Amino acid sequence: MRLRVGAATDVGQKRSLNEDAYASNPARGLFVVCDGMGGAAAGEVASQMAIETIQSYLNGTPPSGKPGGDTGGYMERTVRLAEAIRASNRAIYERAQEDRKKAGMGTTVVGAWIGDSIASIAHVGDSRAYLWHQQKLEPITEDHSLVQAQVKAGLLRADQVEESKQRSVLLRALGQEPSVEVDVSEIPLRPGDYLLLCSDGLTRVVTDAGLARAIDTLREPQRICDYLIETANHNGGPDNITVVVVYVAGTFWQEVWNWLRG
Amino acid sequence: MAKLILKYEDRVLKEVPVATGIVKIGRTPDNTVVIDNPAVSSHHARIFRDADNFILEDLQSTNGTLVNGQLVSRHTLKNGDAIGIGKHTLVFQRADKEEVAAAESGPSAEEPVLPELGGTVFLDTKAQRDLMAKITAQAAEQKAAPGAAPVPKAAAMVQPAAAARVGVLAVLAGKADQSEYRLEAATSIIGKSDTATIKLKGWFKPKVAATITRKGETYVITPLGGSPQVNKQPLKDRYELKDDDILEISGLTLQFSLKG
């Protein structure tokens, strides 16, 4: 399976620091976006730590044999991605405990690890993953945010989310507690599909329809990323913006076919 | 100006100002507030300032730190909070005007009150529990009320785990290592891959011919290699499997069914 990848991050219009971080490693099929939080540059440290610890954990030799304990029916790759995220949570939490200036620092994370035509997706917080499949954009993740919980409980309409004062309150993040619950899913990828990972700096100012339109019109991953950053900034750029786009390329003839149809 | 009032059974022992520095609470003399009691860990908890807030953090003490009777690991202090450490109590007082006004008016019953901040914030454990409890209770109330809004879809979809049936693929024809496959995993692979549930053997077989993803009792097959067919129709894209569907894939004929 061949992947074509684009990635971009930007400080936005209102912030002085970019506390987002990302990793894009097409050779490993590993993609991660983190949105750090915490004052005095601590958010920057947290998101960077998450990126580094997740990558080094997954680069290490996997424990031999099947992963122990209950894997919940998930593939080994999915289980390991979740483990890597939990390991980064511990690392950030411990650093925050040691260093007063870093106390309270944290980060969101959304990661995709692709192999055998299946994307293992894991996330904590309000950074998101989407699948663009057959001209349609499908959300893969569900935000761990207060507003999302309210929407789910039927107490807030989806269109009221943006105006909510509690728009930025997370129910889960890395670095806040000694342990963290990680949500995972497995998504089969077909040639022609796009996977999009992003921080909330994008989704706060660009609608799902806007994301879908950008993919449908531009098609080339890096151009999609650059355009989305530009659009988010044009729409006010209230927060740091990060977006990673992965295109699942088919065989040569499938590509020709797609090109003819598109 | 904020301060802590150290009390032991209603007796005020002393007052400690809390400014920009860190206030360490524990049994050993290197702490700012020393509480010489065996129930107190040597470095039990600390309080520090974060922007406009004072944060209390338990330092993984043996007996824990309470705020207003609830165990906390991290807590944003409000005026009047009673911090319980062993048998001692530290009352947090903050005389900012807004703070006092907020404390007097109390939180609104309608909506949980949280500080409005520019950046992303994390809800600490206790506040989270309270809020989530409130959200759940309100949702239940709405549901119970006659003529209320329809039950949210997410809640309606929740089914008891015990009742869930499992998809089974029975081998009708072709060479396979089992006569039927139970699709217990979130993703089952059909192909030559080592991780495949239904293993295909042979030179020209695809590594991954198809995947079947499970969500509760919904099974969706995604063709990825070869030319799989369902009920004699070529499978072009994702398809939700139904009882008795016949699947032909790389020389195997399989029948899908849900079993209890």
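This passage describes the confidence of the model and the fold of chain A. The structure is a predicted model, in which local features need pLDDT of at least 70, side-chain atom pairs count only at pLDDT 80 or more, and totals for chains, interfaces and linings use all residues. Residues are numbered from 1 along each chain as its sequence is written, while chains are lettered from A and ligands numbered from 1 in the order in which they are written.

For the complex, the predictor gives an ipTM of 0.84 and a pTM of 0.72. Chain B has a mean pLDDT (the predictor's confidence in each residue, from 0 to 100) of 79, with 78% of its residues at 70 or more. Among the elements of chain B (DSSP runs numbered from the N terminus: helices, H or I, of at least four residues, and strands, E, of at least two), the lowest mean pLDDT, 38, belongs to helix H3 (residues 153–157) of chain B, and the highest, 96, to strand E21 (residues 239–240) of chain B. In residues 97–118 of chain B the pLDDT is below 50, and this stretch has 16 contacts beyond near neighbours in sequence (contact: C-beta atoms, placed from the backbone, within 7 Å). Residues 146–162 of chain B also stay under 50 in pLDDT, with 12 contacts beyond four places in sequence. Where pLDDT is low, predicted coordinates should not be read in detail.

Chain A contains seven helices and 11 strands. Its C-alpha atoms fill a box of roughly 60 × 50 × 35 Å along the principal axes. Of the 262 residues of chain A, 54% are buried (20 or more other C-beta atoms within 10 Å of the residue's own, with C-beta atoms placed from the backbone). Among contacts in chain A between residues at least 6 apart in sequence, 71% join residues at least 24 apart.

Methods: Two residues are in contact if their C-beta atoms, placed from the backbone, lie within 7 Å. A residue is buried if 20 or more other C-beta atoms lie within 10 Å of its own, exposed if 12 or fewer, and partly exposed in between; C-beta atoms are placed from the backbone.
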